[in-house]
Amino acid sequence: MIHHINILALLVVAVVIAALLGGPILLIAFGWRGAKRGLLRGRIMCGFGIALFLAILMPVALHLYLAGPWHTRIVTKGVSPSGQEYCVIQTFQDFVEPYQISFYIRDANRLWRWNYLDHEGYAWRTASASFSDDKVSVYRNGKPYRSIAMPTGTVDIVSVPKGYANYYCPPEFSVEDVFEFQKRKTR
């Protein structure tokens with residue numbers, strides 16, 4: 001079922017791209033013919049076609065740059081004032097919903113707990129965290145983004161229901177291990 005939806009989505013995207021680019025290409029082609037015959041109208045059509053083509057191409061190129069998989073990384077990591085290690089990780093998903101952004105923090109038993117930040121955003125340039133007694137505030141590119149409750153209590157990883165196992169990483173994981181885990185999870 002999912003495979004058929006992906007093929008249909010690609011087909012729709014291909015048709016939209018063909019429709020958007022077809023107009024400028026026709027303007028350029030017919031304008032070029034007219035320009036070769038010395039017609040001002042042909043030069044205007046050709047110039048308008050090129051401008052329209054670039055106006056369509058630039059946002060697409062910007063999206064491909066911002067949504068590209070080369071931004072997968074650990075955005076920040078550190079230790080809270082109470083000694084809990086944390087990190088913000090972004091992992092590439094696809095070009096429609098580019099990045100899964102996650103916040104992981106260790107609980108009292110050093111178990112890593114996953115927290116949702118975003119699942120369809122562009123890559124973050126920077127991230128930081130500030131801590132209060134019961135909350136952590138996560139900042140994206142210097143601006144407040146989301147507040148998350150600090151983990152309280154403990155969790156027995158063995159008794160976690162199967163559907164929630166991806167919300168935790170074992171205590172022996174380093175930040176880099178959590179990053180690798182998150183990359184596998186979002187593929």
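## Sheets, hairpins and cysteines

Trainee: Which strand holds K143?
Mentor: Let's start there, keeping in mind that this is a predicted model. The run covering residues 143–149 includes K143, and that strand is β7.

Trainee: Is K143 buried or exposed?
Mentor: The cut-off for exposed is over 50% relative accessible area. K143 has 60%, so by that cut-off the residue counts as exposed.

Trainee: Which residue of β6 is the bridge partner of K143?
Mentor: Strands β6 and β7 run antiparallel and are joined by 6 bridges. One of the bridge pairs places K143 of β7 with R140.

Trainee: How far apart are the C-alpha atoms of K143 and T126?
Mentor: Along the chain, these two are 17 residues apart. In space, the separation between their C-alpha atoms is 9.9 Å.

Trainee: What is the strand order in the sheet that holds β7?
Mentor: This open sheet has 3 strands, and their pairing is antiparallel. At its edges are β5 and β7, each pairing on one side only. Neighbouring strands are turned by 25° against each other on average, direction ignored. Read across the sheet, the order is β5-β6-β7.

Trainee: How many residues are in the hairpin connection from β5 to β6?
Mentor: Strand β6 spans residues 135–140 and pairs with β5 in the antiparallel sense over 5 bridges. Within that pairing, S130 has S137 of β6 as its bridge partner. The hairpin joins the two strands through a connection whose residue count is 3.

Trainee: Which element has the highest mean pLDDT?
Mentor: For the protein chain, the mean pLDDT is 87, and 97% of residues reach 70 or more. At the low end among the elements is helix α1 (residues 2–36), with a mean of 77. The highest mean, 97, belongs to residues 127–131, which form strand β5.

Trainee: Now the other sheet: which strands stand at its edges?
Mentor: Its 5 strands form an open sheet with antiparallel pairing, in the order β1-β2-β3-β4-β8. An edge strand has a single partner, so one side of it is left without a neighbour in the sheet. That applies to residues 73–79 and 168–169, which are β1 and β8.

Trainee: Which helix lies across this sheet?
Mentor: The helix in question runs at about 30° to β2. It lies across β1, β2, β3, β4 and β8, and its residues are 175–186. That makes it helix α3.

Trainee: In the hairpin of β1 and β2, which residue takes a positive phi?
Mentor: β1 and β2 run antiparallel with 6 bridges between them, and K77 stands opposite C87 in β2. Between the strands lie 5 residues. The positive phi there, near 95°, belongs to G83.

Trainee: How many residues of β3 are buried?
Mentor: β3 is joined to β2 by 7 bridges and to β4 by 7 bridges. Y99, I101, F103 and I105 point one way from the strand, while Q100, S102, Y104 and R106 point the other way, and all are buried. The count for β3 is therefore 8 of 8.

Trainee: Which residue in the turn between β3 and β4 has a positive phi?
Mentor: R106 has W112 of β4 as its bridge partner. The hairpin leaves 5 residues between the strands. In that turn, the positive phi of about 70° is found at R110.

Trainee: Which backbone oxygen does the side chain of N115 reach?
Mentor: N115 lies in strand β4 and is buried, with a relative accessible area of 18%. Leaving out residues up to four places away in sequence, N115 touches S102, F103, I105 and I148. Its side chain reaches a backbone oxygen at 3.5 Å, that of R113.

Trainee: Why is C87 in no disulfide with C169, and what is the sulfur distance?
Mentor: Both cysteines are buried, C87 at 0% relative accessibility and C169 also at 0%. A disulfide needs the two sulfur atoms within 2.5 Å, and the structure holds 0 disulfides. The closest cysteine sulfur to that of C87 is in C169, too far for a bond, because the distance is 8.5 Å.

Methods. Residues are numbered from 1 along each chain as its sequence is written. This is a predicted model: local features need pLDDT of at least 70, side-chain atom pairs count only at pLDDT 80 or more; totals for chains, interfaces and linings use all residues. Side-chain values use heavy atoms; hydrogens and water are left out. pLDDT is the predictor's confidence in each residue, from 0 to 100. Helices (H or I, at least four residues) and strands (E, at least two) are DSSP runs, numbered from the N terminus. Buried means under 20% relative accessible area, exposed over 50%, partly exposed in between (1.4 Å probe, protein chains only). Two strands pair if DSSP finds at least two bridges between them. Contact means heavy atoms within 4.5 Å. Axes are lines fitted to C-alpha atoms, for helices over the stretch in contact, and angles run from 0 to 180 degrees between N-to-C directions. A polar contact is a pair of N or O atoms within 3.5 Å; within protein, one must be able to donate a hydrogen and the other to accept it, and residues adjacent in sequence count only if both atoms are side-chain atoms.
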